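Biologist: I should like to understand how the labels given to residues follow from the computed values. Please take me through the reasoning step by step.

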Amino acid sequence: TDYSVTIIENTDLVREQYFSRTCSFCFTPCNPPNRCGGFSTWSPHDGLVRKNKAQFRTKMCTGQLLGIVNTHAYVTTKLIEMNANLMAMFRNPLTRLMSAYNHARHAFGLKDRKLMITATAQWSLKEWVTWPGIQGCQTKMILGYNCATNVKLNLGHLEKAKYRIDNHFAFVGLVEAWNASVCLFHRMFGSRMHDNEVMNLRPADTARYSGRFRIATHLDLLNLTELDDPIDFQLYKYVRAKFIALLEEYGLNVPDTLQNSLTEYN
């Protein structure tokens, strides 16, 4: 949609370069290619669609224009105090751990990440999740920490995270039920679905890292249990139940995949 936008953080840079921009600006190919100005083209966040990534501005361009919280951003005290309407897509912690493991041991916000990468390059997935800071990513981000901040989570943290979700989140969806989540969002807030909303813009690319790192397989995933990320696992169960209740409330079918236990993978 091409519409004028309101900037939450109206900085000098924004006023100078982007205040008059509209969302169509983000979908206009760069001319010349590879020379998009004004927004980061840092990989892997460059491009609206991976195969055309050299031609377009970052896929977060519209979010930056609108002032929407960007990826890797945790829930800040400021957002809570201003009673912002938040939304998030949650993921089964065990599949999230395997994804991070296979993506060059991804651990945003971890101190001494280079040390971790060197030490764990050939560790198994089961071993890697024991590295300080790796567990509890989603809970920590709800509470105002980076994903891999080394915080020892307890039940008090879990209850605070649940409270924030219940009182400050206008919408929660599930990565494992992506299409249903998009459908629910539009059922709750209006407008029609777009094809781009259900495209996989970040397909896994394990071959990219297989020369440097051990890569986990489905068997490694099956070796993980709730105890490998206990607080995040409990939070995900809570969000999943909330999501299923919302689907039923708004008259949408619950996907068959959500009928499985949390340690059953298709």
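Modeller: Let us begin with a definition: a residue is buried under 20% relative accessible area, exposed over 50%, and partly exposed in between. Please note that this is a predicted model.

Biologist: Why is Glu-159 called partly exposed?

Modeller: Glu-159 has a relative accessible area of 46%. Partly exposed is the class between 20% and 50%, so Glu-159 is partly exposed.

Biologist: Why is Lys-162 called buried?

Modeller: The relative accessible area of Lys-162 is 17%. Buried means under 20%, so Lys-162 is buried.

Biologist: What makes the pair of Glu-159 and Lys-162 a salt bridge?

Modeller: The closest N and O atoms of Glu-159 and Lys-162 are 3.5 Å apart. A salt bridge requires a side-chain nitrogen of Lys or Arg within 4 Å of a carboxyl oxygen of Asp or Glu, and therefore the pair qualifies. The two residues are three residues apart in helix H8, and so are separated by about one helical turn.

Biologist: How many salt bridges are found in the whole structure?

Modeller: A search of the whole structure finds four. One of them joins Lys-242 to Asp-166, with the closest N and O atoms 3.0 Å apart. Lys-242 lies in helix H11 and Asp-166 in helix H8, so this pair ties together parts that are 76 residues apart in sequence.

Biologist: How do you know which class of accessibility Lys-242 and Asp-166 belong to?

Modeller: Lys-242 has 26% relative accessibility and counts as partly exposed. Asp-166 is also partly exposed, at 37%.

Biologist: What are the classes of Arg-214 and Asp-220, whose side chains meet in a salt bridge?

Modeller: Arg-214 has a relative accessible area of 27% and is partly exposed. For Asp-220 the value is 14%, and Asp-220 is therefore buried. Their N to O distance is 3.0 Å.

Biologist: Why does Asp-232 have no salt bridge?

Modeller: The nearest side chain of opposite charge, that of Arg-96, is 4.6 Å away. A salt bridge needs a distance within 4 Å, so the pair does not meet the definition. Asp-232 is nevertheless buried. This residue is found in helix H11, which spans residues 230-249. Not counting residues up to four places away in sequence, Asp-232 touches Pro-93, Gly-136, Cys-137, Gln-138 and Thr-139.

Biologist: What makes the link of Cys-137 and Cys-147 a disulfide?

Modeller: Their sulfur atoms are 2.1 Å apart. A disulfide is a pair of cysteine sulfur atoms within 2.5 Å, and so this pair satisfies the definition. The structure holds one disulfide. Cys-137 lies in helix H7 and Cys-147 in the loop between H7 and helix H8, so the link ties together parts that are ten residues apart in sequence. Both cysteines are buried. The angle about the S-S bond is -125 degrees, and the link is left-handed.

Biologist: Which residues form the nonpolar patch on the surface?

Modeller: The patch is formed by Val-175, Trp-178, Met-193 and Val-198, with about 290 Å² of accessible area together.

Biologist: How do you know that Val-198 is accessible enough for the patch?

Modeller: Val-198 has 33% relative accessibility and counts as partly exposed. Patch residues need over 30%, so Val-198 passes this cut-off. Val-198 is placed in the loop between helix H9 and helix H10.

Methods. Residues numbered from 1 in each chain as written. Predicted model: local features only at pLDDT ≥ 70, side-chain atom pairs only at ≥ 80, totals over all residues. Heavy atoms only, no water. Helix = DSSP H or I, 4+ residues; strand = E, 2+ residues; numbered from the N terminus. Buried < 20%, exposed > 50% of the residue type's maximum accessible area, 1.4 Å probe, protein only. Lys, Arg positive; Asp, Glu negative; His and termini not counted. Contact = heavy atoms within 4.5 Å. Patch = residues over 30% accessible without salt bridge, like charges linked within 9 Å, V, L, I, M, F, W, Y side chains within 5 Å. Areas by Shrake-Rupley, 256 points an atom, 1.4 Å probe, with all protein chains shown as cover.
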